[in-house]
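Here's a quick briefing to keep beside you while you look at the structure. Have the viewer open and follow along.

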Amino acid sequence: MLELRHRGGCPGPGGAVAPPPREGEAAGGDHETESTSDKETDIDDRYGDLDSRTDSDIPEIPPSSDRTPEILKKALSGLSSRWKNWWIRGILTLTMISLFFLIIYMGSFMLMLLVLGIQVKCFHEIITIGYRVYRSYDLPWFRTLSWYFLLCVNYFFYGETVADYFATFVQREEQLQFLIRYHRFISFALYLAGFCMFVLSLVKKHYRLQFYMFAWTHVTLLITVTQSHLVIQNLFEGMIWFLVPISSVICNDITAYLFGFFFGRTPLIKLSPKKTWEGFIGGFFSTVVFGFIAAYVLSKYQYFVCPVEYRSDVNSFVTECEPSELFRLQSYSLPPFLKAVLRRETVSLYPFQIHSIALSTFASLIGPFGGFFASGFKRAFKIKDFANTIPGHGGIMDRFDCQYLMATFVHVYITSFIRGPNPSKVLQQLLVLQPEQQLNIYKTLKSHLIEKGILQPTLKDE
Amino acid sequence: MTELRQRTAREPDGPPEDKVAAASGWARPGQRRPREMRRGRCRRVLSPSDPLSRPTVAAGLGSAEGPGVRGPRGARVAGQQESESEAKVDGETASDSESRAEASPPLIPADDTPEVLNRAFSSLSSRWKNWWVRGILTLAMIAFFFVIIYLGPLVLMIIVMCVQIKCFHEIITIGYNVYHSYDLPWFRTLSWYFLLCVNYFFYGETVTDYFFTLVQREEPLRILSKYHRFISFTLYLTGFCMFVLSLVKKHYRLQFYMFGWTHVTLLIVVTQSHLVIHNLFEGMIWFIVPISCVICNDIMAYMFGFFFGRTPLIKLSPKKTWEGFIGGFFATVVFGLLLSYVMSGYRCFVCPVEYNNDTNSFTVDCEPSDLFRLQEYVIPGVIQSIIGWKIVRMYPFQIHSIALSTFASLIGPFGGFFASGFKRAFKIKDFANTIPGHGGIMDRFDCQYLMATFVNVYIASFIRGPNPSKLIQQFLTLRPDQQLHIFNTLKSHLTDKGMLTAAAEDE
C-alpha cells in the first residue's frame, strides 16, 4: 500500500501529482479500522468512494509541464501571453501540416508506419490517464499486460491485413503460409495467455483496481487499434481515401475555429464552451467546398487514386493502375436552379467529388461529436489535455479525437457504396476450401459468368 | 431528485435478506432496514454534517456493495469508513449522500427458492438443505437443456438470445449498483439501445452469411443486407451522439464509466453468444459437446474436490482444489469421448443447420462428413498392452473432442476465476439471484465464455475453411473483371490439382 500512497512521485509525462487531501484523510481514517476490519475493504472501498462521488469532488490533476522548445520561447518572448500562445499554436499547426505532406510524398509504407506510431502513442496517452485516475501505476504486472494486449490485438489485425492484401507474397513463403492459415488460432492463444496472466496476477487488495485497468485497457484498444486499422484499410483502397477524409476533418477544425473567432456568438454545446454555432455552420460549408476542390485536385494523379498493391518483383508498394470510373471525368447536367446561377449546361466532375461531399458533410456534422466526447472525457477526469506532446496543442489524442468516427465512416462507406469485398481476400479464401467445395463453387461461378455474358461458353478448349 | 429518494419503495421482494447472514443465524437484518432508513433519511435532512448520526445509519444499511462477503462486524466497520469519508466531503448535497445510502439494499438478492422446496426441506439442517436445493436445480437445468435440444435449432437460438439478454442485464445492474448511477439521465435507455444495435449488426451478418438464398428472394431483405453495415453504423452513431448530448455537468465521470462498462459488457456477452450461434450452425454437436464438457467439468471437479480435495488451487476461489481440478480434467475427457461417440451417430446433431426455402424452416439433413464416419485407428503399442485391442473404431470427431474437453477443463476454469475475482472486486456474492441455490445466469455461464470463442476459432482453423455460400455471395458483388480474374485463377488451381479435367468441363 505504501507505493499507492506515495504515488505523488509517479513518473510519466506529467509533473508531480499532489495526493488529494480527501483521499489522504480517508486513508488516515482507515488506520483505526484497519486492524479490525477486513483488509480487503480498504483500498477497494476508497476507490469505490472515488467512483460514486460526483465530479465536483474529484481534485484536478495539474497540467503537465510546458514543453515548448526554448527557441520558440526566445523568439516570442516579446509578445504578450495570449498572442504568444496563438503564434505557438499557429507554428505547430504549420509544422504538422508540412510533416503530413512530407510523409505523403514518401509513400504509403511510411504512412502506415506513421499510423502505427500514432496508434501506439494514443494508446500510451490514454493508459497513462487511467494510471493517474486510479493511482494504479504500481499495480503488479499491469503495465506489462497492457502493452502485451496491445501487441496481441495489433498482431491479430496486421495478420488479417497481410493475409488479405499480400496473398501473392504470402503464397511464396512456407512459414508465412503456416502463420496465415492458423492465424486466428495463434492470435487467440496469445490473447488467452494474457487473460490467464491477468487472472493469476489478481492480488488480494487490488481486485477492483485491476479489473478497472483491465476494462480501461480493453476499451482503449477498441477505440485506438480498430480505428487505426480501418485507416490502414482505407489507405489500401487508394491514398485519396485516406487523405481527403483526414484533410476534411483538419479543415473543419481550422475553419470552425476561424469562423468562431471572427463571427462567433451563440454557444453550441455546454461541453465545449468555446464552440459556437457560427463556427459550426461556417466550418461545414467551407469544409464541403474544400473537400470538393481537394478531391478535384487529387483525382488527377494515379499516385493517389490507385489501390496500393504489393509487387513481389520489386518488393515494394506500387500504386499503378487504370483509374476506375470514379476517377474519370464525367459530364453531369446541372439541375435547373444551378444552371441559372452558373450559366452552364453541363459540368465535368469526377464522380469521386460527389462522394467527397458526403465525406465532408460527415466530417463537419458528426466528426465534432468525437471532439465533444473527448472534451467530456477530459472534464470527467479533470485533465486539461491528454498529454503535452505537442506544445500549444496538447497530446496526440487531442489532435486525433475528431478522426475516430471518420475512419470508421469512410470504411463503412467504401464497403457499402464503392466496392464490395476485397478480391484477393475472396481468392485466398477460395483456395483454402476443400477441393469438393472448390469444384462446386467453380461450377456455380461458371454458370453465373456465362449467364452474365462475361464468359463465353465456347472457350472450353483451354 | 425525488426519484432518488423514492427508489427504495420500488425495490422488489420486500425486506431484502442477506443469504449468508441468514445461513449463519443472524436474525433477519432485513426487517430492521426500512425503519432505520427512514430514520436515517430524516436525520440526514436535519443534520447532514453530524458525524455521530452516520455510523448507526450506515451500519444498518451496510455498505453499497452488499454485506454478502463480510460478517456483521465488517459491515458496520465498512459503513463507518464510508460515513467518515462522507463527512469530509464538502461540496456534496444531502440528496447525493442519500442516494448512496439508499442504493445499498438492492444489491442483496432476495431468496427465490420456491415455497415447495422450502417446505419439503424444512426439517433438514441448513447445509444439507442448500446441497439438495442446488442438486435439484442442477437436474432441473439439465433436463431443461435436453428438452430444448429436442425442440430444435430455432428454439436453441432463441434460448441463447434470452440468456445473452439476461447476462447483459445482470452485469449492467451490477454496474448501476457499483456506481450508484441507476438514475443517470438516459443511461438505461442507451445501454439497451446499444445492446439492440450490436445484436442487429451481428444477427444481420449471420442471416446474410447463412441464409443467402432466402435473403436474395425478398427485396426489402436484400436492400437491408446490402447496406447492412452502413445501417448498423448509423444506428450506433445515433446512440453515440445521444450519449454525448446527454452528458450532464456533475456526472461526467459516472457517465463515462457506465459507457465503458456497457461496451465491455457488450464485448463479452454479445460476441460470445454470436460465436455460440455460429458454432450451432456448424452442427448441433459443436454446440452441445463443448457446453456439456464445461458443465461436466464443473460437476466433476466439485465431486472430486468434495471427496478428495485437500490442496487449494488458487487464492481467488478458496473452495477449488488441485484434486478436483485434475480429477475433473480426466473425467471430462472421458465424458467428452463417450458423448461424442454417442452423438456422432445421429444426423440431426452432426449436420450443419440449413434453412430450407421450400419448407421455410431449419433442416438438419445431409451426408455426414468424414469427421463423423467411423474409422479404424491403430492403437499405439503402449496402450495395446493395457487394453488388449489392436485397432479401435472411432469417429475422428472424438479426437477433436479430446482437444475440446482439455480446453474446457484446463482453461475454462480461468473464466470462472475471472468471474470470482470480479465478484470479489465488487463485493457481491452472486451476480443475481435468478436460480435458487446457484445465483444468477452469469454464475452458470462464466466458464462458457472462453469455450465458445475457442470452439469457433478451432472450427475456423482446423475443421473447415470459410463458408462457401458467403464466398459466392461476395464473389457476386465484385466487378466483372475481378470475377473473371478469380474464376481463371480458380480454374488453373483446380486443373493443377487434377480436380478438373477437360472431360469434366463439358457438364
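Below are some notes on chain A as a whole, followed by a few spots in chain B.

Keep in mind that this is a predicted model. Chain A gets an overall tally, while chain B gets a look at its annotated segments, a helix and a pair of strands.

**Chain A overall**
- Chain A has 462 residues, and 51% of them are buried.
- Its secondary structure adds up to 21 helices and six strands.
- Taking contacts in chain A between residues at least 6 apart in sequence, 71% link residues at least 24 apart.
- About 21900 Å² of chain A is exposed, with carbon and sulfur atoms supplying 64% of that.

**Annotated segments in chain B**
- An unreviewed UniProt entry lists several stretches of chain B as "transmembrane region", including residues 157-179, 186-203 and 230-248.
- Residues 186-203 of chain B are 94% helix and 0% strand, with 25 Å between the end C-alpha atoms.
- Residues 230-248 of chain B come out at 84% helix and 0% strand, and their end C-alpha atoms sit 30 Å apart.

**Helix α10 of chain B**
- Helix α10(B) covers residues 153-179, and its 27 residues reach 39 Å from first C-alpha to last, close to the 39 Å expected.
- Right after α10(B) comes H180(B), with a positive phi of about 55°.

**The β5/β6 pair in chain B**
- Strands β5(B) (residues 375-378) and β6(B) pair antiparallel over four bridges.
- I391(B), in β6(B), is the bridge partner of V378(B).
- Strand β6(B) (residues 391-394) has V392(B) and M394(B) on its covered face, whereas I391(B) and R393(B) are on the uncovered one.
- In a regular strand, side chains alternate between the two sheet faces.

Terms used
Residues numbered from 1 in each chain as written. Chains lettered and ligands numbered in written order. Predicted model: local features only at pLDDT ≥ 70, side-chain atom pairs only at ≥ 80, totals over all residues. Heavy atoms only, no water. UniProt positions renumbered as here; feature names shortened; annotations may be inferred. Helix = DSSP H or I, 4+ residues; strand = E, 2+ residues; numbered from the N terminus. Buried < 20%, exposed > 50% of the residue type's maximum accessible area, 1.4 Å probe, protein only. Contact = heavy atoms within 4.5 Å. Areas by Shrake-Rupley, 256 points an atom, 1.4 Å probe, with all protein chains shown as cover. Expected span 1.5 Å × (residues − 1). Pairing = 2+ DSSP bridges.
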